[in-house]
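Thanks for coming. I will go through one model today, starting with the protein contact and then moving to the DNA.

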Protein chains: 2
Amino acid sequence: MIRTEALRAFVTVTEHGNIRDAAEILCRTQSAVSMTLKQLEAELGGPLFESDRKSKLTDLGAFVLDVVGPLLREHDRALELITGYAQGYSGRLRIAAVPSVAALILPTVLKTFVQARPEAEIDLYDTDSASVREMLLRGETDLGLASPAGEADGLRAIPLFTDPLVFVCHAAHPLASEPRPLAWHQLTGERLILNETLSGLATPEFRTLAAQARLSVRNLTSLLAMVQADAGDTILPGLATRALPSGVVTRPLADPACQRRVSLLVRDGRTPSPIAAAFIDMLCDALPNMAQRFGLSERWT
Amino acid sequence: MIRTEALRAFVTVTEHGNIRDAAEILCRTQSAVSMTLKQLEAELGGPLFESDRKSKLTDLGAFVLDVVGPLLREHDRALELITGYAQGYSGRLRIAAVPSVAALILPTVLKTFVQARPEAEIDLYDTDSASVREMLLRGETDLGLASPAGEADGLRAIPLFTDPLVFVCHAAHPLASEPRPLAWHQLTGERLILNETLSGLATPEFRTLAAQARLSVRNLTSLLAMVQADAGDTILPGLATRALPSGVVTRPLADPACQRRVSLLVRDGRTPSPIAAAFIDMLCDALPNMAQRFGLSERWT
DNA sequence: TGCATGTTTCAGGGAAACTGAAGTTGAGTG
DNA sequence: CACTCAACTTCAGTTTCCCTGAAACATGCA
């Protein structure tokens with residue numbers, strides 16, 4: 001059996017013209033390299049060098065060098081690729097996130113992440129929670145950052161943080177000047193516009209309000225435009241209300257259960273790719289900072 | 001250190017979907033393959049399979065397979081190339097031979113030689129002895145079949161056979177009907193045409209005759225045409241007189257020293273390429289047959 | 001639950017590669 | 001022509017590490 005290391009020893013010796021220097025490079029003793037070459041010659045059935053002094057190749061030696069040189073370069077390149085990928089330094093990472101996370105949390109994290117990984121390719125896609133989960137299930141993304149679904153459906157959720165929901169209304173709205181956090185009963189009769197972030201909210205008082213809602217808007221920009229036009233009011237996670245159009249204000253809600261949970265979602269039973277695992281690590285490390293910065297509650301049980 | 005055999009084990013397991021069958025192919029026990037995979041995973045720093053049942057790859061596993069599959073094919077192809085070359089089954093063999101050897105000895109030998117070596121490329125070049133030696137020295141051919149030069153000049157000669165020289169003359173020539181082998185003195189006064197095969201003949205009687213010669217012709221066909229036209233007579237090795245034009249006859253010479261020596265010539269101090277060595281072996285094996293067929297004396301000391 | 005199939009773990013054996021020292025070879029030099 | 005030096009080979013002893021076989025462990029199926 002011809003060992004790859006024997007071929008490498010041969011090439012190194014040809015490159016240096018003698019065994020001594022090659023042995024140094026290979027971190028072996030002279031005798032080890034000598035014996036390795038001898039064994040290689042025995043396996044091939046002919047001498048590789050014209051004399052003991054390893055300066056001149058035989059025809060066979062020249063041929064082997066021609067073939068093995070490129071082979072070893074291929075070999076080294078392949079192993080580098082593999083280890084780079086295995087250590088999360090290269091490869092493609094596809095992230096799907098809800099817009100608020102994509103806009104506020106990810107830029108900071110991704111910046112340092114890509115800086116350390118010039119080889120890596122990263123795709124970021126923002127959409128609503130339901131689409132994030134669908135993309136994961138269809139294998140169209142590696143990671144999701146969104147609200148976890150109620151029941152287990154082939155996804156695994158790692159809790160990241162909770163984000164308090166706030167009431168969003170026109171500045172001229174009567175409740176806009178209410179000094180205290182709003183209780184549910186204060187919202188009775190409001191023209192509530194539903195949106196995707198509210199689908200996970202199970203509080204009975206809210207469900208009663210939601211049942212009376214006439215309007216549902218999926219896109220955040222459209223939703224805020226509606227509020228700005230005073231066509232109604234809505235409830236949104238705090239993160240999503242960082243950049244409001246003029247004339248739109250927010251009021252906190254009194255119900256402490258009224259929170260959006262944001263999880264990191266991965267496909268259940270699938271080991272994440274190394275670069276995904278590296279990103280998860282970095283994200284979890286960065287989370288305390290983010291939580292403090294945006295006033296989020298870190299984790300839940 | 002990632003062993004090539006570990007990569008091969010991994011690919012084989014993915015191909016069979018389980019360790020047991022792969023172990024059979026690899027001529028190892030289950031546990032050996034299992035431990036090899038485990039070691040590979042440890043070296044990469046992550047799992048290659050989703051579960052103990054080796055049916056589903058992780059992302060990392062799929063990536064490694066993508067990279068390693070082609071790598072191993074390259075590797076195997078390269079080793080095949082090398083061993084094929086080392087065993088003399090492939091490669092290029094350039095032979096330079098004097099015309100008589102090229103025409104009479106080589107066809108039979110080369111026929112079986114190339115049949116056994118569909119991968120090999122063989123170039124045959126015929127020219128006179130001096131050119132054969134020059135081609136060898138310039139590295140333009142691997143083997144020469146010709147008369148050895150007098151002094152050692154960077155070539156090594158392996159004696160093959162001796163070929164008795166014969167007198168060649170027109171059928172109407174007085175000596176053509178001489179029943180006994182010719183002695184040198186009988187040739188005195190003949191219009192001897194010199195040729196390249198006579199340059200190595202050192203017998204004093206012949207040298208005296210040669211000194212009186214007016215004509216020297218290099219090409220065999222031209223030489224025989226001269227004799228056919230009765231423009232003179234000449235001396236040639238027996239092998240070169242196998243196909244004479246009509247009207248031209250040969251007579252044996254009495255001097256037993258009057259022989260052309262044919263050697264196999266190679267460059268001194270250079271190991272012949274494996275395919276050249278294989279050809280030399282085959283030629284030496286076939287020689288007794290040839291010697292008998294053409295009435296040559298096999299070898300000399 | 002028990003069985004069949006397949007994998008991992010573990011201790012022990014053995015092959016193969018490595019080391020260090022001594023021996024050999026070959027080129028250059030007075 | 002012997003001497004010297006550098007480079008390589010050989011050899012015995014050691015170490016490393018891969019492999020085997022047995023037993024324990026998982027997983028799916030009747």
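**Where chain B meets chain A**

Between chain B and chain A there are 3 residue pairs in polar contact, with both residues at pLDDT 80 or more. Bear in mind that this is a predicted model.

On the side of chain B that touches chain A, two elements give two or more residues: helix 1 (4–16) and helix 4 (59–86) of chain B. Helix 4 of chain B supplies the largest share, 16 residues. Sorted by class, that side of chain B has 19 nonpolar, 7 polar and 7 charged residues.

How many residues does each chain bring to the contact? Chain A gives 33 residues, and chain B gives 33 residues. Together the two chains bury about 3,000 Å², and 68% of that is on carbon and sulfur atoms. There are also 4 salt bridges across this interface. One salt bridge to look at pairs the side chains of A:D59 and B:R270, at 3.7 Å from N to O.

**DNA strand C**

Now the DNA. Strand C is surrounded by 20 residues, and the closest are A:T29, B:I19, B:Q30, B:S34 and B:K54. Of the atoms of strand C that come within 4 Å of the protein, 59% belong to sugar and phosphate.

Two side chains of chain B to point out here are B:K54, with an N or O atom 2.7 Å from a phosphate oxygen of strand C, and B:R20, with a polar atom 3.1 Å from a phosphate oxygen. On the base side, the side chain of A:S31 has an N or O atom 3.0 Å from a base oxygen of strand C.

By class, the surface near strand C has 8 charged, 8 polar and 4 nonpolar residues.

Conventions
Residues numbered from 1 in each chain as written. Chains lettered and ligands numbered in written order. Predicted model: local features only at pLDDT ≥ 70, side-chain atom pairs only at ≥ 80, totals over all residues. Heavy atoms only, no water. Contact = heavy atoms within 4.5 Å. Buried area = accessible area lost by both parts, 1.4 Å probe. Polar contact = N/O pair within 3.5 Å; in protein donor to acceptor, adjacent residues only side chain to side chain. Helix = DSSP H or I, 4+ residues; strand = E, 2+ residues; numbered from the N terminus. Nonpolar A, V, L, I, M, F, W, Y, C, P; charged D, E, K, R; others polar. Near = heavy atom within 4 Å.
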